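Student: Got a minute to go through a model with me? Let's see it first.

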Amino acid sequence: MSVYSNWKYFFDSFWKFVSRNSYPIVLVLFFIWICIGIFPLTCYESDSMHVIAGCNIMYNQGLTFPPVYSYLYEMQPLVTYTVVGFKYVFPFLTCEQIYCLLSAICGALFIVESVNFVYRITSFRKIFILLSLFLIPESFAISMYPNSAIFAAVFFVCALNRLLDGKFYVAMVLMVIAPLYRIDILIVYPVVFFIFLFQRKSVKESITRSVFLAVLILLFVTIGYWGLRANPLTALTGYNGMNETHSFASQVKFAVFTFYTILNFVFVPMGLVVLFREKKFGIMGIALIPIILIHFMFRYTGCAPKHYLYLIPFVSLISVYAMRWIYERVKGKPVLKYGIVSIVVLFLCLGIRIDFPDSPWRNVPDSDAKLGPYVQFCRENYTKYHVTIGVGAGQLIPTLDEYMLLSGNLFYPFYIHEYKTVKEGKRIAVKKWFDEKKDYNLLACSWEDIFYFPNLLLEEGYEFRELPCENFTYELLKGDRRVTLYTREIPKGDIQGMVQAIDEVNEYSKGEDLYIVSALENQDYLLNKLSVSGKVRKQMDRLYKVN
């Protein structure tokens, strides 16, 4: 046999293997790509920093119900005990690393179970469904920072698959566990009625089963929350209050846009039209009910894409019909086929970046908005926006919980990896600087600042206690070392508010050294201005001493 024949036989065999196993191969490659953004195992989201602080405190000071400190414990009580439980099993890992790792594992399971769910409903090729998930950035972004939503989501979608298997009581158990991780998952539970209808059960039987399941779930969830000493009604009424006050209304449009992206604003309506024309009303019910309920619930409070996480399998369920319709129409039409593929590839690879005059801290070369792989093609200097076009991570959209990209999502894991690496490097450098000091005072000027640096102290075993002051003030103690943490939440860009907070806390600190460790760019921008005026003195990047 000639060399040519050997190579031809090898490549033919290899291609047959790839063709037969395309889904698991692409799935593994997808997970490897996501892992780039998962590491380093560090948290960049502020709410989770507070949850991690509560976990550190519980591990250091003992198990309590409820925790000494946490964030929104009333709506996500099981998260703290899960992280602390794993900390006892793996003491060489920090609570932050454990929370990150568990979120990443849940994220991977969520992708697999979502593919299985859509496959069970549609019988479409799994690799096709996986592509639809890839085009929803939150499907992979959620794995790159610790959060409670992914825990609830994975139990929920597993429960749906067990319902489709006919395993009613297994599904019930999973649907009881999910709200203990995050109570808002209950919003999408009415979809089970349409699952029963899809299984060709009568309307009467579907209603009976749904009501029976709802009663059991509510009973056991109530018992679970009672046992954990949490009251979920507090969180639910809080959501209602924020909807009434429109607290985060201005942020909802950014969260919704970065969740769906331009592609799914096309695919979802198109998919619904296809479903309607094919008279697949049962599938429309399964897909639309959760979408309607979630968007209603978070109409003024959905300030980050993670609030729409539970919709991913249902958005995928709709979009795959649009993608299948397009696929069937472009067969035998190479110009149209490659034109559509080119548009999708451009969206995934082309990075458009814009400078915003009202956010000057994002326009400097070392800004978070300038991170990530990026090869610039052109830049206009005729307007104040200085639009740049290139290949790489596109415009940063900082929602209230997550950092998302306007375009260039193929490079999203690389962007998040660099962002987390840079941010963690600054935090560790500040920690090393403080290691030489025994007693000092800290002023946190934002919600994000409060545990950005102190979590590193809690990881070293510092004891935590709250001081009886008008504003939230904490003390961290270890041996003969003492750190006093004063907290003030200064609105973005309020330099006068920051000056007032510095003066106020300076009086409390009674002449002792007072420092500010800034977690956010906008706060750091203000502090740099104050360092010029002599109000503070910059010690190093993100660290300032009050004069």
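Tutor: We'll take one strand, then a pair of helices. This is a predicted model, where local features need pLDDT of at least 70, side-chain atom pairs count only at pLDDT 80 or more, and totals for chains, interfaces and linings use all residues. Residues are numbered from 1 along each chain as its sequence is written, and side-chain values use heavy atoms, without hydrogens and water.

Student: Which way do the residues of strand β10 point, and are they buried or exposed?

Tutor: Leu 514 and Ile 516 point one way, Tyr 515 and Val 517 the other. All are buried (under 20% relative accessible area, 1.4 Å probe, protein chains only). Strands here are DSSP E runs of at least two residues, helices H or I runs of at least four, numbered from the N terminus.

Student: Why the alternation?

Tutor: In a regular strand, side chains alternate between the two faces of the sheet.

Student: In which sense does β10 pair with β6?

Tutor: Parallel, over two bridges. Pairing takes at least two DSSP bridges. Leu 442 stands opposite Tyr 515.

Student: And with β12?

Tutor: Antiparallel, over three bridges. There, Lys 545 is the bridge partner of Tyr 515.

Student: Switching to helices. At what angle do α14 and α15 pack?

Tutor: About 135 degrees, with axes 8 Å apart. Axes are lines fitted to C-alpha atoms over the stretch in contact, and angles run from 0 to 180 degrees between N-to-C directions.

Student: Which residues meet there?

Tutor: From α14, they include Ile 283 and Ile 286; from α15, Phe 314 and Val 315 are among them. Contact means heavy atoms within 4.5 Å.

How values were computed. Buried means under 20% relative accessible area, exposed over 50%, partly exposed in between (1.4 Å probe, protein chains only).
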